[in-house]
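Trainee: I should like to go through the terms used for this structure and the reasoning behind each of them.

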Amino acid sequence: MKYEQDQPRFRQPGDILLFLRALPLARKAQRVRFAPLPEVVAAMGVGGGRERDPRRAEVAAGRACLRYGRWCGGLDTCLTRSLVAGAMLSGHHDVVLHVGFRPGSDEVPLDGHAWLTVNGEKMDTISPDDASRPYDGILAVPFDADGRSGG
Amino acid sequence: MSRIKELSRLLASDEEFTQQKLSDQTGVILDVDSLKVFSLNPTGQFLVDCLRQGVTTEGDLVDRLIAEFDVGKDVARTDVEAFLGELEACLIDGRAKTD
């Protein structure tokens with residue numbers, strides 16, 4: 001899934017700072033095209049995160065991935081956004097990256113998605129839950145609190 | 001190790017590949033390293049379930065397929081043979097090429 005829509009405008013200087021922190025993480029997240037996901041998560045988390053508010057991290061991750069995609073042709077997907085937000089939050093919360101699937105439509109027979117859980121709670125405003133068609137998780141990769149992936 | 005035993009081992013280990021049955025009885029196999037996805041129709045998902053449960057002979061797979069679906073033995077044998085060939089190409093040969 002590729003995201004074309006614009007993110008909301010920056011509202012305060014802190015948002016710009018968060019964006020600037022997220023941008024290099026968006027670049028790091030591009031490794032997912034070449035490297036196994038657990039390795040990418042481990043590389044993302046090195047140094048731990050600085051942002052404590054999941055919603056602000058998610059918005060910053062979205063902005064960074066969107067801009068990186070436009071400026072550098074990188075991936076802007078639910079997976080890259082989750083990687084960036086997970087890295088930003090990993091120092092302060094128990095963060096787990098999930099990959100799941102559900103039956104698709106006639107045009108797309110299979111629908112895949114990636115999302116985070118933060119302290120056990122699903123954090124997914126990119127594709128809010130449709131209770132009638134939930135994603136079945138197939139892979140869960142935790143970010144360790146010290147910045148390393150538990151695989 | 002025979003082809004079917006190797007496939008059974010790969011699917012049961014959940015280390016290199018993870019597998020999930022979906023709500024419409026289809027399924028997905030995910031290659032954890034490459035994030036390649038293999039989709040399964042309900043028959044394929046049933047055969048994968050059998051492999052994960054430890055069925056290690058094509059004859060047993062054919063028998064289970066006949067018991068579960070309204071299908072003749074010749075068709076079941078052909079389907080199992082074809083499915084195992086495709087699964088091997090995805091899970092074993094595909095990996096060998098990318099390693």
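Mentor: Let us begin with pairing: two strands pair if DSSP finds at least two bridges between them. The model before us is predicted.

Trainee: What makes strand 1 and strand 2 of chain B a pair?

Mentor: Five bridges join strand 1 of chain B to strand 2 (residues 27–31) of chain B, in the antiparallel sense. The definition asks for at least two bridges, so the two strands count as paired. For Lys21(B), the bridge partner in strand 2 of chain B is Gly27(B).

Trainee: Which strands of the sheet in chain B are called edge strands, and why?

Mentor: The open sheet of chain B has three strands in the order 1-2-3, with antiparallel pairing. Strand 1 (17–21) and strand 3 (37–40) of chain B each pair on one side only, and these are the edge strands. From one strand to the next, the twist averages 15 degrees.

Trainee: Why are helix 1 and helix 3 of chain A called oblique to each other?

Mentor: Helix 1 (residues 13–29) and helix 3 (residues 54–72) of chain A pack at about 60 degrees, with their axes 8 Å apart. Angles under 35 degrees count as roughly parallel, and roughly perpendicular covers 65 to 115. The angle of about 60 degrees falls in neither class, nor is it over 145, and the two helices are therefore oblique.

Trainee: What is the handedness of the crossing of these helices, and which residue classes make the contact?

Mentor: The crossing of helix 1 and helix 3 of chain A is right-handed. Among the contact residues are Leu18(A) and Phe19(A) of helix 1 and Arg56(A) and Tyr68(A) of helix 3. By class, the contact has 11 nonpolar, no polar and four charged residues.

How values were computed. Residues are numbered from 1 along each chain as its sequence is written. Chains are lettered from A and ligands numbered from 1 in the order in which they are written. This is a predicted model: local features need pLDDT of at least 70, side-chain atom pairs count only at pLDDT 80 or more; totals for chains, interfaces and linings use all residues. Helices (H or I, at least four residues) and strands (E, at least two) are DSSP runs, numbered from the N terminus. Axes are lines fitted to C-alpha atoms, for helices over the stretch in contact, and angles run from 0 to 180 degrees between N-to-C directions. A crossing is left-handed if the near helix is turned anticlockwise from the far one by less than a right angle, and right-handed if clockwise. Two residues are in contact if their C-beta atoms, placed from the backbone, lie within 7 Å. Ala, Val, Leu, Ile, Met, Phe, Trp, Tyr, Cys and Pro count as nonpolar, Asp, Glu, Lys and Arg as charged, and the others, Gly among them, as polar.
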